[in-house]
Amino acid sequence: MVDISTSPTPALISSSEAPLIKAVGLRKVFPPTKRGGDPFTAVDGIDFELRRGEVFGFLGPNGAGKSSTMRMIGCVSPMSGGELTILGMDPRVDSSRIKARLGVVPQEDSLDMELRVRENLLIYGRYFGLKRAEIAARTAELLDFVQLSDRAESPVEPLSGGMKRRLTIARSLINSPEILILDEPTTGLDPQARHVVWDRLFRLKQAGTTLILTTHYMDEAEQLCDRLVVMDHGRIAAEGSPRELIERYSTREVLEIRFAPDGEDRAAATEALAALVGTGERGAVERIEELPDRVLLYSDDGEASLTAVHGSGTVPVASLVRRSSLEDVFLHLTGRTLVD
Ligand SMILES: Nc1ncnc2c1ncn2[C@@H]1O[C@H](COP(=O)(O)OP(=O)(O)OP(=O)(O)O)[C@@H](O)[C@H]1O
């Protein structure tokens, strides 16, 4: 089994230990383009801490500022303001020393297509100044870990998207980094490939690897992250464990109902449903969100809410009771869905 642990004390999260990353009021402002316009603030003064052994996520829609934040942490994009400390160092003066101790999986794979699978890792290991024997051993272990040993001598170009992403993950681990940064590691992959990558990330988590990642997949964020921030328009809207966020910003259950496009009068239905809010009865609805294709009713007992909906004379064509998720948290905090 490959030693994929990046932490000297795997899975040990000590609040007394200094955080591996600390950001206070971190900002990224892009200058106006040559054609003019105003400077654009992509990251607008955010605070967060990453502790050893944890998986920390940035959840948010496209354009929220997640990649800009990851690129500042990866020391490939200069910060515009605030404070950022990575492994006790300042990226403005110590970027090379910081980079040597990080692993980075960028949003776009940047593999060398001219080289074979194994060579991609060997070259990267040399870049970090590792000894040849050490690189060879580590390469074999990592190819095994990402299930690419049988493709070691293949060129990179014909690999599937999922294989390329796994190779990028293997490459990011060649220097046994103390922090692994992943920017949307599963975006653009088909469901099966996504599952395989996700499974590898779970194994890294189990081995005590410190991960900081971005995603707009709520299920990934919910199951993988110990803590996460919800990011929107360059700001942090909320921070906590997935469970804490759901408890704080949503109800236990959600009743989703849909109407026939040309059936129920939506205005009348909306009025009838609104009357169910805060009635104090069992199944009482705490909050309603109207989306173009469905209405979401938040309560602690979805089945009882459905009975109340039927009692109100509203006739949905379909209904579904489910537990609240981070999507509901996001909707509550921003008024939008993550895929908007
Ligand atoms: N080099 C740049 N110059 C100007 N604006 C930029 C630049 N890079 C990013 N932006 C803008 O900054 C905002 C935040 O982008 P960023 O890539 O950080 O968001 P994101 O949350 O990672 O979204 P995505 O999932 O699309 O990558 C976006 O509006 C984007 O258009």
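# Exercises on a predicted model

In strand S7, Leu211 is the bridge partner of Leu180. The model is predicted. Work through the exercises with the structure open.

## Exercise 1. The mixed sheet

Task: Start from strand S6 and strand S7 and find in which sense they pair, parallel or antiparallel. Then place them in their sheet.

Solution.

Step 1. Strand S6 covers residues 179-183, and strand S7 covers residues 211-215. They pair in the parallel sense, over four bridges. Leu180 and Leu211 are bridge partners.

Step 2. Read the order of the sheet: S5-S6-S7-S3-S8-S9. That makes six strands in an open sheet with mixed pairing.

Step 3. Find the edges. They are strand S5 (102-105) and strand S9 (235-240), and each pairs on one side only.

Step 4. Check the twist. From one strand to the next it averages 15 degrees.

## Exercise 2. A residue in S7

Task: Decide whether Ile212 is buried or exposed. Then list what Ile212 touches.

Solution.

Step 1. Locate the residue. Ile212 sits in strand S7.

Step 2. Count neighbours. Within 10 Å there are 24 other C-beta atoms. The cut-off for buried is 20 or more. Ile212 is therefore buried.

Step 3. Leave out residues up to four places away in sequence. Ile212 then touches Ile21, Leu50, Phe56, Ile73, Ile179 and Ile181.

Step 4. Place two of these contacts. Ile179 and Ile181 fall within residues 179-183, the span of strand S6. Ile73 is one of the buried residues of H1.

Step 5. Now take a long step along the chain. Val295 is 83 residues from Ile212 in sequence. Their C-alpha atoms are 34 Å apart in space.

## Exercise 3. Around the ligand

Task: Find which element gives the largest share of the shell around the ligand. Then describe how covered that element is.

Solution.

Step 1. List the shell. The residues are Phe30, Phe40, Ala42, Gly60, Asn62, Gly63, Ala64, Gly65, Lys66, Ser67 and Ser68.

Step 2. Sort the residues by type. Four are nonpolar, six are polar and one is charged.

Step 3. Assign them to elements. Strand S2 (40-50) and helix H1 (66-73) each give two or more residues. The largest share comes from H1, with three residues.

Step 4. Look at H1 itself. The helix is mostly covered, with eight of its eight residues buried. They are Lys66, Ser67, Ser68, Thr69, Met70, Arg71, Met72 and Ile73.

Step 5. Move past the helix end. Cys75 follows H1 and has a positive phi, near 60 degrees.

## Exercise 4. A loop residue

Task: Find where Gln107 lies. Then work out which residues Gln107 contacts.

Solution.

Step 1. Gln107 belongs to the loop between S5 and helix H3 (117-127).

Step 2. Inside 10 Å, Gln107 has 16 C-beta neighbours. Buried needs 20 or more, and exposed needs 12 or fewer. Gln107 therefore counts as partly exposed.

Step 3. Set aside neighbours within four places in sequence. The contacts left are Ser67, Asp183, Glu184 and Thr187. Ser67 also belongs to the shell around the ligand.

Step 4. Take Glu184 as a check on distance. Gln107 and Glu184 are 77 residues apart along the chain, yet 5.7 Å separates their C-alpha atoms.

## Exercise 5. The antiparallel sheet

Task: Find which strands stand at the edges of the sheet S11-S12-S10-S13.

Solution.

Step 1. The sheet is open, has four strands and pairs in the antiparallel sense.

Step 2. Strand S11 (287-290) and strand S13 (318-323) each have a single partner strand, so one side of each lacks a neighbour in the sheet. The twist averages 20 degrees from one strand to the next.

Step 3. Zoom in on S11 and strand S12 (residues 295-299). They form four antiparallel bridges. Ile288 stands opposite Leu297, and Glu289 stands opposite Leu296.

Step 4. Close the turn. S11 and S12 make a hairpin, with four residues between them.

## Exercise 6. The chain overall

Task: State how many helices and strands the protein chain has. Then add the annotated span.

Solution.

Step 1. The chain has eleven helices and 13 strands. Of its 340 residues, 40% are buried.

Step 2. The C-alpha trace spans about 75 × 50 × 45 Å along its principal axes.

Step 3. An unreviewed UniProt entry lists residues 21-258 as "domain: ABC transporter". That span is 36% helix and 27% strand, and its end C-alpha atoms lie 44 Å apart.

Definitions and conventions:
Residues are numbered from 1 along each chain as its sequence is written. This is a predicted model: local features need pLDDT of at least 70, side-chain atom pairs count only at pLDDT 80 or more; totals for chains, interfaces and linings use all residues. Two strands pair if DSSP finds at least two bridges between them. Axes are lines fitted to C-alpha atoms, for helices over the stretch in contact, and angles run from 0 to 180 degrees between N-to-C directions. A residue is near a molecule or strand if its C-beta atom, placed from the backbone, lies within 6 Å of it. Ala, Val, Leu, Ile, Met, Phe, Trp, Tyr, Cys and Pro count as nonpolar, Asp, Glu, Lys and Arg as charged, and the others, Gly among them, as polar. UniProt positions are given in the numbering used here, feature names are shortened, and annotations may be inferred rather than shown by experiment. Two residues are in contact if their C-beta atoms, placed from the backbone, lie within 7 Å.
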